[in-house]
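Colleague: I have not seen this one before. Can you walk me through it?

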Amino acid sequence: MKHLLLFFIITLSFHLYSQKNPEKVENETDDTTKLIVEKYVFNKFGTIDTSAIDTFQIYIELLDNYEKDYLPVINLGQIGTPSLNIIFSKRKEFKDFMFLNPYIEYIFIPKDLSFYKTNNPYTDIKYIGASKSKEQQRMDFIHTQSVGTHKFGIEFKMTTARNLASESKQNSTINNLNFWYHKQIKNYNIYAAIYSSNIKRPENGGIIDTPQYDPETSLYQIQNANNSIINRGFIFRHYYSFNEKYLIQHCLNYNLSARTFSESKLNSEVFGQPLIAQQETFDSVSFKSFDNTISFMKKHSFGNMNLSFTNKLRNIYYFKGYIYDISGEFHTDNFLSLSISDLKLKFLHSYIKSDYHLTDRQKGDFDFLSGQNIYLNKNNSTYINFLEKFERYTPDFFYEHYNGNYESWKKSFSKSIKIFFETNINFEKFNFHIGGNYSILNNFIYFDSVAQPRQVQANIYLTTVWAKKIFRFKPFVFDINLIWQKNNHNEVLNVPEFIAAGSFYLDFDVFKGAAHIHIGFSANYTSEFYMYSYRPTTGVFYVKNERITGNYPIANLFFTARIKRATIIVRFDHTNAMLLQPYYSTVENYHLNDYYLRFGVRWWFKN
């Protein structure tokens with residue numbers, strides 16, 4: 001509650017300041033079609049993708065974007081815990097610091113940082129909490145405004161959840177903070193951001209195997225271990241355009257990622273005999289990088305051509321503890337990028353991008369990306385997307401080198417190769433989307449049954465097909481999502497073959513349109529698949545192929561009401577746990593929360 005009180009005070013201060021210093025937009029009216037905020041993200045071509053934000057909330061978000069409970073997820077039973085996307089082809093991966101992968105859905109990633117453009121001050125707050133026994137809280141806060149030609153803002157995301165070990169009083173916390181700034185002087189633009197993600201997680205090692213699990217009495221394997229992760233840095237990007245055809249851009253990007261596993265009392269029965277320290281554990285690793293990129297773009301009538309050169313300084317080191325054979329390594333990665341974007345020929349829009357690495361560990365790494373959008377009617381509501389990717393990349397340093405108190409390995413892996421094809425057909429008029437993708441993975445790296453990295457020499461072939469349809473029969477809405485995925489190495493890729501998710505709800509107005517209501521339920525289901533196991537000492541998921549999970553539905557009741565500029569959310573999650581098996585797991589020895597109540601509000605305002 002202290003965190004919430006603090007941020008509501010900050011929000012109020014921003015609001016009062018905004019009222020005293022408004023910049024009025026000419027002819028602005030309180031029209032539901034008026035979009036006053038634009039969101040900027042620098043895309044893979046170094047140019048800007050712009051999306052408008054509906055600040056009048058014509059459409060209510062059924063589920064917040066950062067809540068991944070429409071589709072099932074593989075995690076340790078609580079929000080904010082290490083997780084894996086249940087759809088393998090959708091999993092994201094850090095190529096430089098593998099320890100961030102289990103938290104990739106929760107933290108700020110430099111390439112995804114957003115900037116906002118608004119003429120008037122704009123603030124958006126989202127909060128959702130749970131019943132006291134679960135102690136789950138999530139909060140998103142965004143404020144952006146302009147002072148003269150200076151545009152700046154702040155974004156904060158907080159996730160906290162009770163540690164499932166009943167003896168522990170600590171909560172898992174994830175805090176993300178991003179400050180951004182933008183200024184335009186004629187043809188010259190500056191974009192800058194400082195970001196920080198901090199994760200603190202007390203580890204319990206999962207429950208001790210017993211015939212009957214009881215959350216109040218069951219014992220956990222460890223009580224005195226913690227994982228701490230940081231990911232922070234800054235971006236400074238500026239560019240100048242001239243003659244409306246040429247653009248020169250320069251970008252500096254500094255990033256620090258670090259992970260620490262600490263343990264005040266050794267647990268040799270759980271983790272095995274320690275390799276170095278006999279009293280306590282303090283494993284700490286870190287990765288620093290500094291990117292310096294210069295790019296040149298020429299705009300043509302048929303598209304934009306962009307050539308860039310990046311010099312990346314990498315510093316990999318163990319900065320504390322008792323590591324005995326690798327104190328640090330320094331690498332220089334130089335690579336060239338060539339892209340052609342916004343290539344438009346009548347109803348065909350396409351792009352191409354490739355990178356080639358010239359020096360050091362990454363020498364010979366290469367990736368190629370191309371995509372095509374074919375529009376089948378004049379209003380572009382029916383279209384087909386194609387995507388092709390080829391990647392040859394050097395495995396992350398820590399897949400090959402690691403020295404901790406319980407784990408130590410020194411590997412020599414070949415470069416990994418990933419070939420990916422995807423297509424989807426979209427009928428926006430009918431709210432119907434269907435598609436599929438095909439992947440070939442060569443020299444794929446995973447963690448085996450003893451939590452050691454291993455490389456698969458054979459090719460892995462993965463096929464995924466999906467279909468999504470929204471049916472509307474006022475006031476009823478039915479949203480269904482079906483996914484099928486198949487691979488030839490189930491012993492390595494633990495994913496279900498079939499996934500179904502959907503929602504059914506009533507969508508209507510009350511009090512002469514003063515309030516907009518959604519009331520209904522959502523549910524998801526997966527076919528059977530092998531559970532992953534989780535190793536707290538390294539923070540990685542590994543395969544054991546011993547226990548089966550899946551073949552279990554999860555249903556949630558929900559109620560949302562939009563009243564002017566506020567949306568009220570009430571959810572009763574995992575409702576069916578009252579009737580069916582209450583303690584369900586997707587990771588060995590980590591049970592999903594049983595039924596519980598959540599409540600929240602989204603409140604936004606502008607001047």
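**Surface, core and salt bridges**

Modeller: Let me begin at the surface, where Phe471, Phe473, Phe476, Phe478, Phe504, Phe521 and Leu557 make up a nonpolar patch with about 640 Å² of accessible area together. Patches take residues with over 30% relative accessible area and no salt bridge, joining like charges within 9 Å and nonpolar side chains (Val, Leu, Ile, Met, Phe, Trp, Tyr) within 5 Å. Accessible areas come from the Shrake-Rupley method with a 1.4 Å probe, and for residues only the protein chains shown count as cover. This is a predicted model: local features need pLDDT of at least 70 and side-chain atom pairs pLDDT 80 or more, while totals for chains, interfaces and linings use all residues. Residues are numbered from 1 along each chain as its sequence is written, and side-chain values use heavy atoms, without hydrogens and water.

Colleague: Which strands each supply at least two residues of the nonpolar patch?

Modeller: Strand 25 (460-473) and strand 26 (476-487) do. Strands (E, at least two residues) and helices (H or I, at least four) are DSSP runs, numbered from the N terminus. Phe478 sits in strand 26.

Colleague: Is Phe478 buried or exposed?

Modeller: In between: Phe478 is partly exposed, at a relative accessible area of 34%. Buried means under 20%, exposed over 50%, and partly exposed in between (1.4 Å probe, protein chains only).

Colleague: What about the whole chain, how many helices and strands?

Modeller: The protein chain has three helices and 35 strands. Of its 607 residues, 53% are buried.

Colleague: And which residues have the most contacts inside the largest nonpolar core?

Modeller: Phe97, Met98, Phe99, Ile107, Phe398 and Phe447, in a core of 26 residues. Strand 13 (281-299), helix 3 (397-400), strand 23 (445-447) and strand 30 (540-549) each give two or more residues to this core, and the largest share, three residues, is from helix 3. A nonpolar core is a set of buried Ala, Val, Leu, Ile, Met, Phe, Trp, Tyr and Cys residues joined through side-chain atoms within 4.5 Å.

Colleague: What does Phe447 touch?

Modeller: Not counting residues up to four places away in sequence, the partners of Phe447 include Met98, Tyr399, Trp409 and Phe541. Contact means heavy atoms within 4.5 Å. There is also a second, separate core of 25 residues, and Tyr446, Ile483, Leu493 and Tyr534 are among its members.

Colleague: Now the charges. How many salt bridges does the structure hold?

Modeller: It holds 15. A salt bridge is a side-chain nitrogen of Lys or Arg within 4 Å of a carboxyl oxygen of Asp or Glu. Glu203 pairs with Arg201, with the closest N and O atoms 3.3 Å apart, and both residues are buried. Arg454 and Asp448 form another, at 3.2 Å; Arg454 is partly exposed at 45% relative accessible area, whereas Asp448 is buried at 7%.

Colleague: Where do Lys544 and Glu588 lie?

Modeller: Lys544 is in strand 30 and Glu588 in the loop between strand 33 (585-587) and strand 34 (590-591), so their pair ties together parts that are 44 residues apart in sequence. Their side chains meet in a salt bridge of 3.4 Å, N to O. Lys544 is partly exposed at 26% relative accessible area, while Glu588 counts as buried at 11%. Salt bridges that share partners join Lys544, Glu546, Arg547 and Glu588 into one network.
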